Amino acid sequence: MAFPHRPDAPELPDFSMLKRLARDQLIYLLEQLPGKKDLFIEADLMSPLDRIANVSILKQHEVDKLYKVENKPALSSSEQLCFLVRPRIKNMRYIANLVNADKLAGRTRKYKVIFSPQKFYACEMVLEEEGIYGDVSCDEWAFSLLPLDVDLLSMELPEFFRDYFLEGDQRWINTVAQALHLLSTLYGSFPNCYGIGRCAKMSYELWRKLEEEEDGETKGRRPEIGHIFLLDRDMDFVTALCSQVVYEGLVDDTFRIKCGSVDFGPEVTSSDKSLKVLLNAEDKVFNEIRNEHFSNVFGFLSQKARNLQAQYDRRRGMDIKQMKNFVSQELKGLKQEHRLLSLHIGACESIMKKKTKQDFQELIKTEHALLEGFNIRESTSYIEEHIDRQVSPIESLRLMCLLSITENGLIPKDYRSLKTQYLQSYGPEHLLTFSNLRRAGLLTEQAPGDTLTAVESKVSKLVTDKAAGKITDAFSSLAKRSNFRAISKKLNLIPRVDGEYDLKVPRDMAYVFSGAYVPLSCRIIEQVLERRSWQGLDEVVRLLNCSEFAFTDMTKDDRASSESLRLILVVFLGGCTFSEISALRFLGREKGYRFIFLTTAVTNSARLMEAMSEVKA
């Protein structure tokens with residue numbers, strides 16, 4: 001049921017070293033403020049910090065009280081205050097208000113600001129403007145790689161997506177380059193590197209610069225990871241906008257997995273309490289169902305429950321010695337498994353209830369129609385109905401974006417009509433959100449000149465030299481086009497299936513979307529790995545409006561073992577979904593590769609839309 005890896009599959013590197021490094025560095029920073037101190041932590045650093053250093057470790061290093069950085073005044077009586085924050089302007093204002101209030105009251109204390117993962121010049125400017133730059137000491141906690149699982153590293157930077165793909169803000173690229181540099185220092189450099197997208201290219205170039213500056217250090221190391229892929233999220237918005245149907249993706253869509261753990265409410269735990277559950281490979285039950293299509297999960301869990309019952313029943317015929325062995329060796333494990341089993345059964349029931357209420361089948365049918373380009377009028381009516389019934393502002397936006405990208409922009413009449421209906425249904429305050437979606441290329445209107453596509457393709461065929469590239473570049477710079485249909489045809493993203501698609505025995509990566517669609521990002525990785533280059537994919541790259549690059553370091557390629565050449569690190573800039581992770585795990589199992597994922601944050605369709613929205617939920 002779970003994906004058993006082929007016996008010859010390469011071993012994954014041990015990423016626990018990253019946690020130890022982060023913890024040691026944080027302790028070092030805290031000890032630079034000797035004696036008792038109070039620690040103020042920004043809300044979205046709390047979960048990552050919890051995975052690295054728990055409260056008892058902080059207490060050992062003389063952290064007295066913990067406070068959350070929030071709008072209300074702090075009531076700390078400590079003589080030393082330490083702030084652990086993201087480099088954001090609002091945090092600087094918060095710290096400045098606190099320090100200035102102390103000055104007014106004639107109180108002197110020591111203040112230390114620890115920026116994670118790095119400090120920005122703008123933050124120091126604000127401290128200077130507020131007149132407290134000389135009163136605080138600043139440091140960086142370069143913690144940018146959190147191992148969420150054996151094969152998944154997250155930078156926990158959800159704002160990366162909006163900052164770069166909407167605002168065009170490049171400040172996090174340095175953080176990405178530093179993270180890649182740390183990985184190559186610890187696990188040897190990567191002999192083969194491929195990337196697609198502007199952000200990928202900039203991150204790659206900055207990272208190479210760092211490598212060249214310190215080349216002596218990593219020269220002798222054997223590479224542990226043979227290939228690295230860098231992908232921009234905007235080269236494949238479609239995959240991120242689709243509803244997820246693999247178990248882990250559905251849990252994320254329904255309950256929100258945050259920093260590798262999920263809060264299951266009373267409806268799942270069958271008690272009056274909520275429970276925080278860590279979801280990773282150590283949860284044996286979860287590990288077997290995480291990549292499965294949801295339709296298979298119930299059957300698996302009920303079979304597991306029967307097996308468990310049979311193991312419990314074995315004790316009936318035992319003598320005292322056997323009973324003693326059973327209690328000391330097996331009982332604890334069985335109880336643990338029983339607890340996890342009932343939790344996941346509860347989660348499945350809860351998902352089923354919610355999805356039946358939302359008429360999930362109808363929704364999936366509409367998505368599949370959009371992906372295939374059938375019944376566009378019916379799908380548009382479905383979206384209109386969705387908006388009129390005010391089902392959910394985020395869901396309605398997502399469907400509109402999916403319609404726009406798969407259709408290469410909406411015809412002006414549809415665009416105006418859907419936008420008007422949306423604003424009337426959910427409120428005019430969403431107007432700015434439409435402007436954001438348009439800028440990011442997620443929800444666009446076809447320009448009157450868009451009929452040029454036919455002419456353009458004829459010109460490309462006539463002019464075979466580089467000039468054709470220049471002409472199409474000129475066209476694509478007018479508006480960021482999605483060209484989804486053409487790409488889909490070229491890469492065979494919509495599988496042609498004779499008869500039913502068997503979800504129990506998946507034949508390709510399309511199973512993560514019920515057999516209807518192979519994630520574009522995953523298909524590109526598969527194609528490049530097959531060819532060991534971008535050769536033959538020029539047309540696809542052109543349609544994606546992206547620049548691609550490849551780099552093979554022959555000196556390192558010779559030193560790489562055949563095992564390391566089957567280990568592949570995939571870096572998603574702007575977020576990665578659990579569907580993509582499941583699809584690539586499947587591909588790895590089929591082809592004898594092992595994939596490791598590094599993402600700026602785990603994302604899904606709702607997070608994508610919220611990042612673009614100007615109306616805070």
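This section describes a strand sheet, a helix that lies across it, and a pair of helices in a predicted model.

The sheet is open and consists of seven strands in the order β6-β7-β14-β13-β9-β8-β12, with mixed pairing. Its edges are formed by β6 (146-149) and β12 (548-552), each of which pairs on one side only. Neighbouring strands of this sheet are turned against each other by 20 degrees on average, direction ignored. In general, the strands of a sheet pair through backbone hydrogen bonds, in either a parallel or an antiparallel sense.

Within this order, strand β9, spanning residues 227-232, stands between β13 and β8. With β8 (residues 192-196), strand β9 pairs in the parallel sense over five bridges; here I196 is found opposite L231 of β9. On the side of β13 (residues 567-573), six bridges join the two strands, which again run parallel, and H227 stands opposite I568 of β13. Elsewhere in the sheet, β7 (residues 152-154) is joined to β14 (residues 594-599) by three bridges, and these two strands also run parallel. The bridge partner of L153 in β14 is L598.

Strand β9 is mostly covered, six of its six residues being buried. This applies to both of its faces: H227, F229 and L231 are buried on one side, and I228, L230 and D232 are buried on the other. The residues H227 and L231, named above for their positions opposite I568 and I196, thus belong to one and the same face of β9. Helix α24, formed by residues 520-531, lies across β8, β9, β13 and β14 and runs at about 145 degrees to β9.

A further feature of the model is the packing of two helices. Such a pair is described in general by the angle between the axes and the distance between them. The axes of α19 (residues 412-426) and α20 come within 10 Å and cross at roughly 145 degrees. On α19, the contact is made by Y415, K419, Y422 and L423, and on α20 by L431, F434 and R438. These residues divide into five nonpolar and two charged, with no polar residue among them.

Helix α20 covers residues 431-439 and includes N436. The relative accessible area of N436 is 5%, so this residue counts as buried. Apart from residues up to four places away in sequence, N436 touches R162, L166, M612 and E614.

Notes:
Residues numbered from 1 in each chain as written. Predicted model: local features only at pLDDT ≥ 70, side-chain atom pairs only at ≥ 80, totals over all residues. Heavy atoms only, no water. Buried < 20%, exposed > 50% of the residue type's maximum accessible area, 1.4 Å probe, protein only. Helix = DSSP H or I, 4+ residues; strand = E, 2+ residues; numbered from the N terminus. Pairing = 2+ DSSP bridges. Contact = heavy atoms within 4.5 Å. Axes fitted to C-alpha atoms, helices over the stretch in contact; angles between N-to-C directions. Nonpolar A, V, L, I, M, F, W, Y, C, P; charged D, E, K, R; others polar.
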